[in-house]
Every structure is written in C-alpha cells, then in structure tokens.
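Reader: Could you take a close look at the aromatic ring pairs here? I'd like the geometry and the cut-offs behind it.

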Amino acid sequence: MIKGEMLMNRRPLLSFTICWIAGSAAGCLFSGRSLLIYLAGLLLLPAIWAVSGGIRWRTAAVFGLAIAAAAMYWEWSEARNVSLLPEQLGRSATELNEANVTAAGVIASPVERDGDRVDFTVKLSRIGLERQGSQVDETAANVETGAKVATKEKVAVVVAAGAAADAENGGSAEAEGAEAEAEAETGVGADAITGAEEEAKGELVAVQIKLQEESEIAVAALWQRGDRVVIEGELAQPQIARNFGGFDYQAYLLTNKIHWLLKGSGTASVKVAPPASWQLSGILRWNDRMRATLGAEMERLFEEPHAGYMKGLVIGIQEDLDPETFKQFSQLGLTHILAISGMHVAVYVGVILFLLRRCRFTRETALTVTLLLVPAYVLLSGAGPSVVRAGIMSMIALLAARLGILKDGMNILAAAALMMLVWNPYLLLSVSFQLSFLVTAGLMVYTPLAAPLFRCLPNWLGSALSVTFIAQLVSFPLTIYYFNQFSLLSFAANLLLVPFITFLVLPLGTLALLLGRFWNTAALLTVQLAELLNNATFEAVEWVNGFTAGVLIWASPSLLWICLYYGLLYGVLYALKRRTEITLAPQYMEDETRPLTELELPGKSRGKAGNTSSNKAVPAAAANSRRAALALQAFPHSDVTRWSSLAAMLCAAGLALLLYKGYYAEDLNGTGAISYLDVGQGDSILITTPGGAHILVDGGGTVSFGKKEAWRIRRSPFEVGAKTLLPLLKQRGIHRLDAVILTHGDQDHAGGLQAVLEGMPVSALLFNGTLADTEPYTKLMTTALAAGVRLYPVQQGMLLAPDEAAQLHFLWPEPPADGQTLPDEVEDQNHESVVFRLEMNGRSFLFTGDMDQAAEEAILQSAQQAGIQAGKPIDILKVAHHGSKTATSADWLTFWHPAAAVISAGVNNLYGHPNGDVLDRLKDENTEVYRTDQHGEIQLRVGKEGIIMRHKLNMKITE
C-alpha cells in the first residue's frame, strides 16, 4: 500500500498518462453502449485501488477524470472528423464519387513524385462541381490577380452551393448573388487561396496528379508547400479493405483527417501561385526546401543505392530507398535504423553538447543552445512520430538539467506521449508512435530486471546485450501484429549492425554532407569510406537473410495475447532478478565482514598499549559484524530462492504456452475453409482442409499494357502478390503452402505467385503441363525450381487427397498425346486451364480457372461417354473467366446445377465482366451469385453440418 502510494506520488504524470491512453483506447475500440460499459469497468479500477488503500480517493478521482476525459476527447475528435463536402456541394458521398470538380486551396504537405505520379495534400478554401466550361482558368485568374472571395465556413457553404447550382443550371445569377451577399455579410475578404492558412475552413484532400509527359517533371518540381493552387480533377473515395484483415486505405487516411482523393491528369490540371505574404507555415516551406537541398547533395555525393540509403539514414528521406534494400532490412527487424528516431536525436544532442563544451561554453549555455537546436533537427529530419517523441523527451531532459530539477525518464516519456496525444489523438493508431513509446518504456522497465542476468560479462558487453535483448523482446508483439514475421537472427543483427551503423556509418554520412559544400575532396574521400562500410552492411544483411529457416511467420495476435505476453515477461524477469539478488546477498555480506573478523585475532590489534578502551572496542565491533553475518546466513534464503525459481518457471512455462498458441493460432475443429480473395481483375482462392493443409489456387496479378517508359516506372509499384496476397497469407498465420495450383499461365492468375514463392515456403506447384512464352512465367518457374518446389503437371483423371476429409478430382486439361514427354508452349492458356472438383466434409465445389466453352463441352462429352448424364450437384461454382461470355454455358450449369456461384472480377474492370448473359443464365438456374467486385472477399466455413458464408463488404452472414 505504501509502495503504491509512493509510486503515485513519485510518478503522478506517468499514471495520469496511462489512464489517458486507456480512455483513448476505449473510445477508439468501442462506441455507444459498449463504450459506456467499458468506461464503467475502467473507472472501477482506480476506485478499487482507493478502497484497498493503495492510493488516496483524490488521486483516484483524478485518474478517473483522465479516463473519462480521454474517451470524450476521442469521441469529440471523431465527431469532427467527417467530410463537409457532401453538405457543401448538396450531393451524397456516392454521387460525389468520381465527380469532376474544381478545387482551390493551399498545398499543406511536401510535394512528392514517384515515377509518373505526384502526391501532396491540399487544404481547401473553395470547391465546386465542374461547370460546362473550364472553370480552372477563371479561378486561376483570380489567384494571379488577387481577387477576393469568402473563406469563412458559412461563406464556403454558400459558395459551394452556388457552384453546385451552376453545374446543374448551366450558370446561375442567383448563385453569384448569394456568394456576393454572403461575402458582404461577413465582411471577410480573402484572396482565392491566400490569407492566413488557419483562416481557411475547408478540409484536407489527398491530391494525385498523373503526369502525361516527361517534361512535366520539371514543372511539378517547382510546386511547394504553401503554394496556392487550383486543381481540376475527379473526386474519389479512398479504397476500403476488400479482404478480411487487409490494409484499409480509407481508415488510414481518416487518421490524417483526409476523406477524399482528388485525381488530376497532367500539370495542366493544376494552376499554381506562390503565397501572397509570409505566413507561419513558411517555416515548413523553408524546411522542405532545405531537406530537398540536402537530399540533392546526397545524390551528388553518393552513388545508388547508397544515395537513397544515406538519405534515409541521415536526413530521414526514405522515398528514394531501394525497395530491395528496405525488404532485406525489414526481414531482420532493422528498419528502425533507417528512420530518424531516439538514437539519432541522442547522437545529435551529444555531439552538440560536446562541441559547445569544447568551445568553452558554460554548462548552462550549452544546455540552452542545444535545447533551442533540437526542434530544428526534428523539423529537418521529417518530424515523424518517433523523432518528435525523442525531440520532446530531449527538450524536457535538457530543460530539467538546465534548471537543476530532479528528472525521471518515465515521467519525461509520459509527458511526451500526453502532449502528442492531446495534439493529435489519432497518433495512438500510428505504428511508429506505438513502437517508439513502447520500446522506450520497455527499456526503462525491463532492462533493470534483465541486467543481473548478464552480471558475469564486462559492463560494456552486458549493457549492450541487455538493451538489445530487451528491445527485441518488447518490440516482438507489435512486430508480429503489424508485419506478421520475426527473424530469429534479428537479435544478432541488431547487436552487431546497429552500433556499427550508428557510430561509424551515420557520422561519416553526416560528415560528408557537411564537407560537401566547402571541401569537396575531403567529402569524396569520406563518401568512399562510407560506401565501403555500406557494402559490408548490405552483404552482411543479405548473407543473414539467406538463412530463410530463421524467419517465422505469425498470425496477428489479439490485444489480450499482447497484454498477457508483457505480464508474463515481466514475471519471468522479475523472478530471475530476485533469485539472483538473493543468491548474491550472503556472499556479499560475508566478504564485507571478513576484514573485521581478522581484527580480533591475537597479535593483530592496532590499538595502543595501555589503551584498554581502544583494545575492547575493536573486538566488540568484530563480534557485532560476525553476529550480523551469521544472522544473514541463518536467514532462510533457500526458501526465497526456491519460490523465486518456481515463479520464474511458472511464468516461463506460461510464456512458452502463449507463444505456442500464438504461433499455431489456427483452430479448425474439423472444419474446412475456402476464401475467394479479392485481388481485383484476377483469381486467387485459398483452401484450408479440415486436416490443416493449405492450398492456394492462382495468385492474381497486375496486368500491364505495353512497356513503360523509364521515367514512368515507380520505385515500389503496386503488385497484387507483394502488396495484397502475401500479406494476407502471413496475417492469417500460414507458415507454409502445401500446394499451389496454377490454373494457367495468364498474368492475372500467375503474376502474384512470384511474390508468394519468394516470401513463403511452398511444397508443390501444380500446373496445366504447358508453358507460356512470357518473361514473368519463365521467371516464376525458375524461382520455383531454385526454391526446391516440386512441380507436377496435372491432367484429367488425377486425384489429390491432402487429408481424409478432402479430395481434389481434376477434370481438365486432357492428357497429352502418347509419347509426349516435354510440355508444349501454348499461347491460348485459357483453354488449358486446370479444372477440378473439391469434395470436403461431404460438400462439393467446382473450380474452373479461365476455361472456355470448348473445354466445357469436352468435359461434358467425357462424362457422357462414361455414362454420366448429370454431374453430382455442387454447392459452389467458381464461374470461369471472371464471368466472361466465353464460358458458363447453359448446358454446363444444367449439368452441375450449382446452388451458388462466385465471380472474381475487378471493380469497374475494362472488360465488362461479368457478362449480362452469364448472369441471366445463373439466374435462370436459380443460382445465388456472389461477386468480389461487389462483396469483396467471400469466405466459406465448411463443416459436416453445412456451409457458413460471409463476405467482407457489409459483413453480411448467410447460412
């Protein structure tokens, strides 16, 4: 009780911040009645603590207030985080989607270009539906001449309404009069996009400009934060997650208070003018230019891929980092070294303090100057959550040192977290924010517990091992939650490479950057040394990543699992620490008393002769020391050691069981599962048998038309396999694919499998026995052979039985001609698609790839020759070729009589899939239709008692 009260008194800010985070998390996770119930439960905790005497009632009231205030603050932020455009434009969100608009505002973010696309954020001041004529030129003229328009919220609504009326009526005098009247009413006039940015009441939109010509790159390079812009383009709603557990782009943008995308074509769709006057945001504009200048200097000094790597390491510009390098670092858990974080800030602060003290500045002056320079470094490095956290903590610590105030690392960390969450509560959902604060707090809490475990090592080595060990353990749950993989070699890689990069490569890169402007020869010599060290780093990372068995794939754990992990980890370390301290305590006391016991030996007295008081005092002190040592030795340390060992073993066993359940998270209970994944215009189906075998049918693929010009190629283009399919497989905890079935070699079925083969173990690849004359197909087969994947050409009549409850009967392609041993190269792959019927738990499913009607007729003819007039009715049919008219004939449907059908097609695809005639034939057959373009991912749970179906969009569940 006293200890709890002392903790609250010593770290009240920490406790308050924990309560604030708990309240914010409740507001984020729950709403309505559920939120009230969870808030009531949270408020009971400080009350129970107060009843038990752990804290005062006044303290409990403050903590309860923090929980309630944080939840209400989150709800208030959520209520304000809505788009006003539907109300302003008098259209529903559905009607505004893909609507052409003309928008005016101010660029509110750095302007970034990747290949043929330019991205930035605009804070709107005006927006209107596009008129019949070109409105962009008219509004741009207003920008250049400084024409005044209303910018306050009330006026913005009237202006938008007027613009919407103009769009409908082809121009309305009443709308123009309303705009003028509103401007006169408020008495507030501002330039079309000028005026102080904080006066603009519009919302943020993410702008994407698709460049049309290479010459437009130079034009876009002139755009800067703070510029006034008028953009003519198409509004679009951000894409939501279309697969269970998939990335939700709309939710991500929502945390940045962005609800719409504005897509323009070419730089001609954007009219730009510099700000009319200096604003506070001009500091950010200057900062962007400085970062761009430093980045250009890095590119001048370093060759690729060193330039992109050093830009990320020294300046925090990660846009130009080689994707393959990032992938290699990510697999070893080294990406934190590429993001400016606490380590960089610590080095920066330490160097400045060292230089100022060497220049004979007083301690107080050095601390003050460093304190003022920290924000400049935070801005210059990109102001990400991790560097902001480190910057705030450094500034608080420097201020405390300057004022001579007792400082506490946990309270400083709590202050930084509270400040950032009050500024922007959505930072709670940021991966960078979570990792930064959690790892820092974990190092403060767990490192003292782990330090005694390394007591036998030299101090420098023991400290390095304990810090690296704890950092790995603390970051582990969030690493597997967000990235679904963990390398067993990550500890060794971090232990060796982080100090190497921090204390050698980072200073050399910074030194080269500083020398580049006034001593180019020295800068180039420094660059050569840095590149030599970089090459060693890249080779070491690539070599370690070669041990693929060390990379474990984990399903995303639950919040309860994460909390139990941290609790059990604390229990293990605390019990081991207690055991170590108790083991060392008797030996320590015995060693300390030995010199005193020697004083009472005959002839060893150092007292003067005749001084009886002195002679008696020494033996008395020795006797007291001996009695103390004997008392300590008589204390039952064995019992305490035994209990500490037992507690450590129990916690370790609990932790091991938790890790086992987390790694083998799949719980089928005798049921199978089929997931028709939404991969756009393509096919990809995941089958999990009741016995736990995982079979992937096709992998989707991004289809490209023609060869792109070099300047259009993006650094990390979207690819279905790497960006959608592989993350989904890992997120679901699939450690290995027992089989991959490639129905045929077309890119929209085979393209995504390249990333799967590179990122996950695969036992066997089943294909149609033909070859496709395309580079991606050749690369796929080469990768499979290099990875030791067994290749099996399948044909009509074959059977695959992954377990007792599942069988795959292959119906097509037909067997090769007699004597043919080598596969043919076939251009029309659709006809050769692998077709099979899956029997699982007494249910039947038909998979058809992109088969054509000729293949259907051949299968039906084979059935008739075998005396089969009608096939066994199937429960679910995967409609061939995305619902194309080239397949799914009436005879085919009559033969199989499917109860339901699934069509895999992309949203608004260019081919018009699915075909209307096919849909009509399915309707005539009384077949219920599910489509990935309308329903997203479609999941089936196949048990002996029946099939349970659900789909991602609308989350409807049917039986």
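Author: Here's a walk through the ring pairs, with the cut-offs as they come up. Keep in mind that this is a predicted model, where local features need pLDDT of at least 70, side-chain atom pairs count only at pLDDT 80 or more, and totals for chains, interfaces and linings use all residues. Residues are numbered from 1 along each chain as its sequence is written, and side-chain values use heavy atoms, with hydrogens and water left out.

Rings of Phe, Tyr and Trp (its six-membered ring) pair if their centres lie within 6.5 Å; planes under 30 degrees apart are stacked, over 60 edge-to-face, and the rest tilted. That rule gives 33 aromatic pairs. Take tryptophan 561 and tyrosine 565: their ring centres are 5.8 Å apart and the planes sit at 10°, so this pair is stacked. Both residues belong to helix α23 (residues 559–597), four residues apart, or about one turn of the helix. (Helices are DSSP runs of H or I, at least four residues; strands are runs of E, at least two; numbering starts at the N terminus.) Both are also buried, meaning under 20% relative accessible area with a 1.4 Å probe, protein chains only; exposed is over 50%, partly exposed in between.

Ring pairs also link Trp561 and Tyr565 into a cluster with Phe476, Phe486, Trp554, Tyr566, Tyr660, Tyr663 and Tyr664.

Now for a tilted pair: phenylalanine 810 and phenylalanine 836 are 5.7 Å centre to centre, with 50° between the planes. Phenylalanine 810 is in strand β19 (residues 806–812) and phenylalanine 836 in strand β20 (residues 835–840), so the pair ties together parts 26 residues apart in sequence. Phenylalanine 810 is buried at 3% relative accessible area, and phenylalanine 836 is buried at 0%.
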